[in-house]
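Welcome! Let us look at some ring-bearing side chains and ask how each label is earned.

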Amino acid sequence: MKKILCLLLVSLSMNLYAQFDQLPDDATLDADNIIYWVGNGNGQAVLAVNWASPDTCLAWGVRFDGDSALVADLLHTLSIYDDRFNYTSSGNMIDSINFLGFHRTGNWWMYNINGSGAPLGFNSQYVGNGDFIKFGDESCGVSDTNFNYAWTKTVTPADLPDQTAMLFCDSVGTPGCQAIRFDNPAIIAWASNCTINRGLKNISNSSLGYANYGDDSDCIGPSSESTTDGVASLGDAGTAVLTFDQPISNGEGYDFAVFENSLNSTFLEQAFVEVSSDGEHYYRFPSISNTQATTQITNGGAVDPRKIHNLAGKYIVGWGTPFDLEELAGYSNLDINNITHVRLVDVVGCINPLYGSIDKNGHIINDPYPTPWGSSGFDLSGVAVMNGWLPNSITEQSMASNLIAYPNPCNSILYIDDLQPESSVELFNIFGQLIWQGNAYDSRIQINMEPYPNGVYVVKSGCQTVKIVKR
């Protein structure tokens, strides 16, 4: 704090910004005007960033579980949902906040809550439902003689990202498919307890009652290739919470898989996947559905699995959708090496925004709707634990590795050390696709990670591999 005050005094003496005896009101934005919401939970806050050059202030909505959330967790949620946004920090201080062409660094970022200066660093400060948090630096606004600040630049809601052209792995049997079969030897355990909270058969017609196919016990233990036995239906927006004899931990690859009973590779009923290490705070895997949302897919329609990512129910019966806990690393209330609960939330695939579900990019998710039967919604048949598994596309080599990759997580340049001279180095994304290749001329090579979205990657050189995370 002393260093910040000294810097502000210097700035004052140099007349870099205007002084006021009485500050104007800090600019704000009502939550009803926010376009892009990220995260999950009943709590919500607005997070804005004020850049002085270019002269822009953008705001996002961030949802969270519980009565309050750390400012750091809100920033982290935004960074893993919106691939255009990232930040760097040192201890309790923000160093830079970046969004597309908006970038400032080294200007002592500060923040306020509801227009008043925050008393604690962003790693220690909690905010509640309805709060407005705004970041800026000393050149973004005006101050009074007591070094209080107001950022008066008009706040503009951030728009939705456009990633609708992205494609992911295809159905079972196609090259690079990430599905895991129910009898895969990598599976070491299955869920041992399940509690279902049923949703309606049709969320827009409550007179039809609730889904009722199967029961809680059908979702524990091993899955199978049966479309009728060992299955329970959640109904529209229904949930299932599963627990395990031993917690799930973060291994070298996918850590658990969720199984559904789809009759074929295109009748796909989907669900969000959330995890918790305390049974109270749940964090959702950021999901993508690039299916068109102009024409409703009916209960006889089809979903292209290539347009789906991080949603359970992507594959045909007997094959599970895998998830990597590394994607959720960094939350204060989540221990990714001690996951005790997995929660599934049925995706309401209705394109009517009154009822429909949205993906991480704010796009409405379209899947077969309505399905007004007792078996309505996502049909859960099991959750398998792997604690680290990589698909055949990138695991035919040994996972024993002497490669050194840093920084990990990385933001821009990734350095790979201890290489054999003239050796080939390859970079794979989490779908097993080769996205970069180069040759080392000595024991080190560097990879520019800036063009790639945030996520998990695998670096391979010879028979050695190492997993890295881009944030």
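Q: Why does tyrosine 406 count as partly exposed?
A: This is a predicted model. In it, tyrosine 406 has a relative accessibility of 30%. Buried means under 20% and exposed means over 50%, so tyrosine 406, at 30%, counts as partly exposed.

Q: What makes tyrosine 415 buried, exposed or partly exposed?
A: Its relative accessible area is 25%. With partly exposed lying between 20% and 50%, tyrosine 415 is therefore partly exposed.

Q: How many aromatic pairs are there in the whole structure?
A: A search finds 14 of them.

Q: Why is the pair of tyrosine 254 and tryptophan 389 called tilted?
A: The ring centres are 6.0 Å apart, and the planes meet at 35°. A pair needs centres within 6.5 Å, and stacked needs under 30 degrees while edge-to-face needs over 60. An angle of 35° fits neither, so the pair is tilted.

Q: Which parts of the chain does this pair link?
A: Tyrosine 254 is in the loop between strand E20 and strand E21, and tryptophan 389 is in the loop between strand E28 and strand E29. The two are 135 residues apart along the chain. Both tyrosine 254 and tryptophan 389 are buried.

Q: What makes the pair of tyrosine 406 and tyrosine 415 stacked?
A: Their centres lie 5.6 Å apart, with 25° between the planes. Stacked applies under 30 degrees, so 25° earns that label.

Q: How do you know that arginine 284 sits over the ring of phenylalanine 272?
A: The charged end of arginine 284 is 4.0 Å from the ring centre, and the distance limit is within 6 Å.

Key. Residues numbered from 1 in each chain as written. Predicted model: local features only at pLDDT ≥ 70, side-chain atom pairs only at ≥ 80, totals over all residues. Heavy atoms only, no water. Helix = DSSP H or I, 4+ residues; strand = E, 2+ residues; numbered from the N terminus. Buried < 20%, exposed > 50% of the residue type's maximum accessible area, 1.4 Å probe, protein only. Lys NZ or Arg CZ within 6 Å of the ring centre and 35° of its normal.
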